[in-house]
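Here is a short tour of one protein structure. Keep the sequence and the model side by side as you read.

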Amino acid sequence: MSKALGIILSCLVLSSVSSLAQGPCPTAFSTSTANVPARSGDLICLVPQVYGGGGLVGSDHGGPLFSTAQFSHAAHFSSSAVQSFSPLNAEIGTQLSQLPFTSPASGFIFSFNPSLGVITRETENFGPILTERADTIGKHKLFVGFSYQYFNFDKADGVNLKNFGAVFQHESEAELCTPGSPLTCVNGEPTFQQDIIATQNRIDLKVHQVTAVATFGVTNRFDLSVAVPILDVRMSVFSNATINSFETASDIPPCCVHRFDPASSDAHEHLVDAAHASFFNNNTSSGVGDVIFRGKFQALKGEKAGLAVGLDVHAPTGDERNFLGSGTWGVRPFAAFSYAGRISPHASFGYQRNGDSVLAGDVTTDTSSHLPDIITYSAGADAGVTHRVTLSADFLGQSLVDAKKIAPSTFTDAAGATHSNIVTSTATINQASIAVGGKVNPVGRLLITANVLFRVNDAGLHSRPVPLIGVSYTF
């Protein structure tokens, strides 16, 4: 009896102290029921805390599970749930902080005409929408613009966010299977450790982004710009969970250790029966994103061709815990080439170096890691259809270096049944998009812009076609 009591106490202690760190949204395993973690309202916590503040742990530690055996162990499946969902959470947070926005470049480019002795409009079209051209605005000219974009995300690395499976395995407790242990063990592990929770999940993620941009021509070949994005992020997470138990009546402890606790049910949980429950978590956030400051210098200026170099500085002004910003500084040197004419080709290349952010780390322990660096590249052309109408088409690519990603997979349980699952890895994510749109000049120097951005591959966080509408004026 004393040996069995010792095993029970060991199970309680080992499972309850597996993590003491308290991040912005801990799925914690506190050492006392008086220190049960609360459910956070931050968007970064919706996924890891969909099962409650404590995660998939015992109801006495803020979770939905309980044991019908003679003892209960607080930590059950929380570690596995966090490991499965954390890369998905990181991928969402990282890429939401890098959404495209309208280029802070004026559609009207001016220069001094020495033969006429006046400042005249230089270009025959109004330029690209989401990409760059080499021209600068002109000395002491001011460009101001506003744009609106709507993102409706439906996939991540080819995984359908509207319907994907994830299997959560029990924490390892092989140390309980000691010689003479009263527990039933299989391959050196307790039978109950074979139990899994199979889930079918849905994530709805929508972003409304309004961006204000301004550019001032310091000289004829040097511009200073600022872009201020304002975001409204709406996110919900749904999970339908099923406990798969592999114990029998002859096992010790008795059958059916893992069950959903009816007493733990709240507004975020619906208990179907002891082995089936659904969980829901949602919230919204609004605010200023990461403000971007830019300097651009036209290094080469020919009669038609031009080459500019520039530097973007991303300031961490957005709240990363609510997916409004990256949580770290970013610096992106870039170069842009363009050729002036009624049809004007252009191309750009840049490399963004980022710092450390909790978005790339572990939100349950408040650990930061390096936010993936980003290689950006684009190519396209603008066509001046008339003096007041320009059409634009662009290819936009970006590569997130050494980023967390997910992939669909399957999991085979102890009985040989298969369940849909996701696996995680770290790799470079190469995203490709095409943008088509146009600009109309109804009067004066006023421009109205319309554009649609289409993703052409499933790498990374994938959105359905992204509409854009904008208005700008050059003074």
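## A glutamine in a strand

Is Gln431 buried or exposed? Gln431 is buried, because its relative accessible area is 6% and the cut-off for buried is under 20%. Bear in mind that this is a predicted model.

Gln431 sits in strand β22, which covers residues 418-443. Its side chain makes a polar contact of 2.5 Å with the side chain of Gln95. The side chain of Gln431 also reaches a backbone atom: the oxygen of Ala459, at 3.2 Å. Setting aside neighbours within four places in sequence, Gln431 has further contacts, including Tyr377, Leu396, Arg455 and Leu461.

## Salt bridges

How many salt bridges does the structure hold? There are 11. Side chains of opposite charge can pair when their charged atoms come close.

Take Arg202 and Asp204. Their side chains meet in a salt bridge, at 2.8 Å from N to O. Arg202 is partly exposed, because its relative accessibility is 36%. Asp204 has 16%, so Asp204 counts as buried.

Now take Arg234 and Asp232. These side chains also form a salt bridge, at 2.5 Å from N to O. Arg234 is partly exposed at 44% relative accessibility. Asp232 is buried, with a relative accessible area of 16%.

## A charged network

Arg294 and Asp312 make a salt bridge too, with their closest N and O atoms 2.6 Å apart. This pair links distant parts of the chain. Arg294 belongs to strand β14 (residues 292-301), and Asp312 belongs to strand β15 (residues 305-314). The two residues are 18 residues apart. Both Arg294 and Asp312 are buried.

Which residues join Arg294 and Asp312 in one network? They are Glu132, Lys296 and Arg332, linked through salt bridges that share partners.

## Nonpolar cores

In soluble globular proteins, nonpolar side chains tend to be buried together. In this model, the largest nonpolar core has 55 residues. Phe85, Leu88, Leu96 and Met235 have the most contacts inside this core. Strand β10 (residues 222-244) gives the most to the core, with six residues.

What does Met235 touch? Not counting residues up to four places away in sequence, Met235 touches several residues, among them Leu43, Ile92, Leu205 and Phe323. Asp204, the salt-bridge partner of Arg202, is another residue that Met235 touches.

Apart from the largest core lies another core, of six residues. Among its members are Ile137, Val213, Ala227 and Ile292.

## A hairpin

Strands β12 (residues 269-273) and β13 (residues 276-288) pair in the antiparallel sense, over four bridges. Together β12 and β13 form a hairpin, with two residues between them. Which residue in β13 stands opposite Leu271? Ala277 does.

## An alanine in a loop

Ala340 lies in a loop. On one side of the loop is β16 (330-339), and on the other is β17 (343-354). Ala340 counts as partly exposed, because its relative accessibility is 23%.

Ala340 and Ala134 are 206 residues apart along the chain. How far are their C-alpha atoms separated? The separation is 9.5 Å.

Conventions
Residues are numbered from 1 along each chain as its sequence is written. This is a predicted model: local features need pLDDT of at least 70, side-chain atom pairs count only at pLDDT 80 or more; totals for chains, interfaces and linings use all residues. Side-chain values use heavy atoms; hydrogens and water are left out. Buried means under 20% relative accessible area, exposed over 50%, partly exposed in between (1.4 Å probe, protein chains only). Two strands pair if DSSP finds at least two bridges between them. A polar contact is a pair of N or O atoms within 3.5 Å; within protein, one must be able to donate a hydrogen and the other to accept it, and residues adjacent in sequence count only if both atoms are side-chain atoms. Contact means heavy atoms within 4.5 Å. A salt bridge is a side-chain nitrogen of Lys or Arg within 4 Å of a carboxyl oxygen of Asp or Glu. A nonpolar core is a set of buried Ala, Val, Leu, Ile, Met, Phe, Trp, Tyr and Cys residues joined through side-chain atoms within 4.5 Å.
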